[in-house]
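Good morning, and thank you for making time for this item. I shall go through one structure, beginning with its sheet and ending with its charged pairs.

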Amino acid sequence: MDQVTLVDELKVDGRKLVDQLSQKNFDVTVAFWLKASDETDWFLYIASKVVDEFGRREAYQRLNAAIHDVIPRLLVSLFDVKLIETDSPIAKDVLKV
């Protein structure tokens with residue numbers, strides 16, 4: 001599988017995950033793929049009020065449950081997602097765009 005196909009499939013699966021989270025009443029204020037300059041991989045960043053209200057640990061537990069509901073149909077795993085606060089600088093910048 002070439003890299004372009006893999007990236008396209010990850011984008012589609014990221015959207016499926018965001019849809020699944022919405023069905024589970026898991027707030028997604030903004031979601032976006034980002035490859036930081038010091039990273040080798042792309043990550044799906046999700047800014048959520050769940051992180052704001054309950055902390056990252058609880059948010060990742062809820063995320064994990066949502067991912068398990070759609071596995072094995074997704075290429076996106078728990079390790080591909082970075083949960084962030086809705087008021088983080090990067091979330092604010094993406095929302096401006």
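Two strands are taken as paired if DSSP finds at least two bridges between them. With that in mind, strand 2 and strand 3 are joined by four bridges and run parallel. I should say at once that this is a predicted model.

Let me begin with the sheet. It is an open sheet of three strands, in the order 1-2-3, with mixed pairing. Strand 1, residues 30–34, and strand 3, residues 81–84, are the edge strands, each pairing on one side only. From one strand to the next, the twist averages 20°.

The pairing of strand 1 with strand 2, residues 43–47, is antiparallel and rests on five bridges. Within that pairing, Ala 31 is opposite Ile 46 of strand 2, and Leu 34 is opposite Phe 43 of strand 2. On the parallel side, Tyr 45 has Lys 82 of strand 3 opposite it.

How much of strand 2 is buried? Five of its five residues are, so strand 2 is largely enclosed by the rest of the structure. In a regular strand, side chains alternate between the two faces of the sheet. Here both faces of strand 2 are covered: Phe 43, Tyr 45 and Ala 47 are buried on one side, and Leu 44 and Ile 46 are buried on the other. Helix 3, residues 89–96, lies across strand 1, strand 2 and strand 3, and runs at about 100° to strand 1.

I turn now to the nonpolar interior. In soluble globular proteins, nonpolar side chains tend to be buried together. The largest nonpolar core in this model has 16 residues, and those with the most contacts inside it are Leu 17, Leu 21, Leu 63, Val 81 and Leu 83. At least two residues of this core come from each of helix 1, strand 2, helix 2 and strand 3. Helix 2 gives the most, with six residues.

Leu 63 deserves a closer look. Once its neighbours within four places in sequence are set aside, Leu 63 is in contact with Leu 17, Leu 21, Phe 26, Leu 78, Val 81 and Leu 83. There is also a second, separate core of seven residues, which includes Tyr 45, Ala 47, Ile 84 and Ala 91.

The next residue to consider is Thr 86, in the loop between strand 3 and helix 3. What does its side chain make a polar contact with? The partner of Thr 86 is the side chain of Asp 52, at 2.3 Å. Not counting residues up to four places away in sequence, Thr 86 touches Thr 29, Ala 47, Ser 48, Lys 49, Asp 52, Ala 91 and Lys 92. Two of these names have already appeared: Ala 47 and Ala 91 are among the residues of the second core.

Finally, the charged pairs. Side chains of opposite charge can pair when their charged atoms come close. The count of salt bridges comes to five, and I shall describe some of them.

One links Arg 56 and Glu 85, whose closest N and O atoms are 3.1 Å apart. This pair connects distant parts of the chain, with Arg 56 in helix 2, residues 49–70, and Glu 85 in the loop between strand 3 and helix 3, 29 residues apart. Arg 56 is partly exposed, at 39% relative accessible area, and Glu 85 is also counted as partly exposed, at 25% relative accessibility.

Another joins Arg 62 to Glu 58, with the closest N and O atoms 2.9 Å apart. These two residues lie four residues apart in helix 2, so about one helical turn separates them. Arg 62 is partly exposed, with a relative accessible area of 33%, and Glu 58 is partly exposed as well, at 27%.

In helix 1, Lys 16 pairs with Asp 13, the closest N and O atoms being 3.8 Å apart. Because they are three residues apart in helix 1, residues 3–23, about one helical turn separates Lys 16 from Asp 13. Are the two partners buried or exposed? Lys 16 is partly exposed, with a relative accessible area of 44%. Asp 13, by contrast, has a relative accessible area of 6%; buried means under 20%, so Asp 13 counts as buried.

That concludes my presentation, and I thank you for your attention.

How values were computed
Residues numbered from 1 in each chain as written. Predicted model: local features only at pLDDT ≥ 70, side-chain atom pairs only at ≥ 80, totals over all residues. Heavy atoms only, no water. Axes fitted to C-alpha atoms, helices over the stretch in contact; angles between N-to-C directions. Contact = heavy atoms within 4.5 Å. Salt bridge = Lys/Arg side-chain N within 4 Å of Asp/Glu carboxyl O. Buried < 20%, exposed > 50% of the residue type's maximum accessible area, 1.4 Å probe, protein only. Core = buried A, V, L, I, M, F, W, Y, C linked by side-chain atoms within 4.5 Å. Polar contact = N/O pair within 3.5 Å; in protein donor to acceptor, adjacent residues only side chain to side chain.
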